[in-house]
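Here are my notes for anyone opening this one for the first time. Have the viewer ready and click along as you read.

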Amino acid sequence: MMRNYSFVASSAWIRYIVLALVAATLCAFLAMWQNDRRQQRDAEIATIEANYNASPVDFAEAVEGSSSELRHEDAWTKVEARGRYEPQLTVLARNRTVNNQPGFYVIVPFTTSSGSQVLVNRGWVPAPSTGTASPDQVPQPPSGETTVTGWLRPTEDGSKDNNPDGIIRAIDTDRVPGLSDPYEHVFVQMGAEDPAGEEGLSPLPAPSLDPGSHLSYTLSLIHI
């Protein structure tokens, strides 16, 4: 008995076939995207593992000049900088959460021995329970000659920043008044300073090494 497959040419079946092809194409695209994100995350983790606990290098050697951008492979490079803090230029970076608690990063410009300035993230403070946060209310850095040890981080885009004096959204040298010769594309996330400043700042946690769920998502999409 010969079967009649003419229904396959019907408009309903053509729509089903088109939808199936679109779905398959979308799954393939998403699988490739997730795989790319997994590879990027694997590279980020490898960079952190290579740089974070390494011996510090001199800041001036790690960053060639004030306009140098931070290369991906140099992220989290541990550095040591000598100079002095400029506490009168302190600003607070808002909307920064540590252990699920809202607060601020304390950003203090640091004039290196070469005369250029780099922003230093000295740590975190919780948002005040009442009133507004102010740079004058946070623990002060040491005065005089200081050695800062920390990690290189890329600055952020503050072009859309709109905040009251002393508060910034993005860690961006363009949003910090009073700088004369800043390193434009890098800042230092402080790990230690010698001598130490006033107590009261919470140190920032180490970067996450969680690979995320990109691999499982990729496999799931492949098997759909």
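The points below go through the cores, a surface patch, the salt bridges and a few backbone oddities.

1. A word of caution before the rest: this is a predicted model. Please read each point below with that in mind.

2. Start with the inside. The largest nonpolar core has 24 residues, and the ones touching the most other members are Phe59, Val120 and Val188. Several strands feed into this core: strand 2 (78–85), strand 4 (101–112), strand 5 (117–126), strand 6 (146–154) and strand 8 (182–194) each bring at least two residues.

3. Phe59 is a good residue to centre the view on. What does phenylalanine 59 contact once its neighbours within four places in sequence are left aside? The list runs Val79, Glu80, Ala81, Thr112, Val118, Leu152, Tyr183, Val186 and Val188. Val188 turns up again here, having already been named among the core residues that touch the most other members.

4. Don't stop at that one core, though. There is a second, separate core of 14 residues, with Ile107, Ile168, Leu179 and Leu204 among them.

5. Now for the outside. Ile14, Val18 and Val22 make a nonpolar surface patch of about 250 Å². Isoleucine 14 belongs to helix 1, which covers residues 11–51. Is isoleucine 14 buried or partly exposed? Its relative accessibility is 43%, so it counts as partly exposed.

6. On to charges. Side chains of opposite charge can pair when their charged atoms come close. How many salt bridges does a search of the whole structure find? The count is eight.

7. The pair I'd look at first is aspartate 58 with arginine 82, whose side chains form a salt bridge at 3.6 Å, N to O. Aspartate 58 sits in strand 1 (residues 57–58) and arginine 82 in strand 2, so this pair ties together parts that are 24 residues apart in sequence. Aspartate 58 is partly exposed at 30% relative accessible area, and arginine 82 is partly exposed too, at 39%. Follow the charges a little further and you find Asp58, Glu80 and Arg82 linked in a network of salt bridges. Glu80 is also one of the contacts of phenylalanine 59, which takes you back to point 3.

8. Two other salt bridges are worth a click. Arginine 71 and glutamate 73 meet through their side chains at 3.6 Å, N to O, and glutamate 73 counts as partly exposed with 47% relative accessibility. Arginine 84 pairs with glutamate 86, where the closest N and O atoms are 3.4 Å apart. Are the two partners buried or partly exposed? Arginine 84 is partly exposed at 44%, whereas glutamate 86 is buried at 12%.

9. Last, the backbone. Most residues other than glycine have a negative phi, and most peptide bonds are trans. Where does this model depart from that? The peptide bond from aspartate 194 to proline 195 is cis, with omega near 0°, and proline 195 lies in the loop between strand 8 and helix 3 (214–222).

10. Phi is positive, near 65°, at tryptophan 76, and near 65° at asparagine 100 as well. Tryptophan 76 is in the loop between helix 2 (59–62) and strand 2, while asparagine 100 is in the loop between strand 3 (91–98) and strand 4. Their surroundings contrast: tryptophan 76 is buried, with a relative accessible area of 11%, but asparagine 100 counts as exposed at 75%.

Methods:
Residues numbered from 1 in each chain as written. Predicted model: local features only at pLDDT ≥ 70, side-chain atom pairs only at ≥ 80, totals over all residues. Heavy atoms only, no water. Core = buried A, V, L, I, M, F, W, Y, C linked by side-chain atoms within 4.5 Å. Buried < 20%, exposed > 50% of the residue type's maximum accessible area, 1.4 Å probe, protein only. Helix = DSSP H or I, 4+ residues; strand = E, 2+ residues; numbered from the N terminus. Contact = heavy atoms within 4.5 Å. Patch = residues over 30% accessible without salt bridge, like charges linked within 9 Å, V, L, I, M, F, W, Y side chains within 5 Å. Areas by Shrake-Rupley, 256 points an atom, 1.4 Å probe, with all protein chains shown as cover. Salt bridge = Lys/Arg side-chain N within 4 Å of Asp/Glu carboxyl O.
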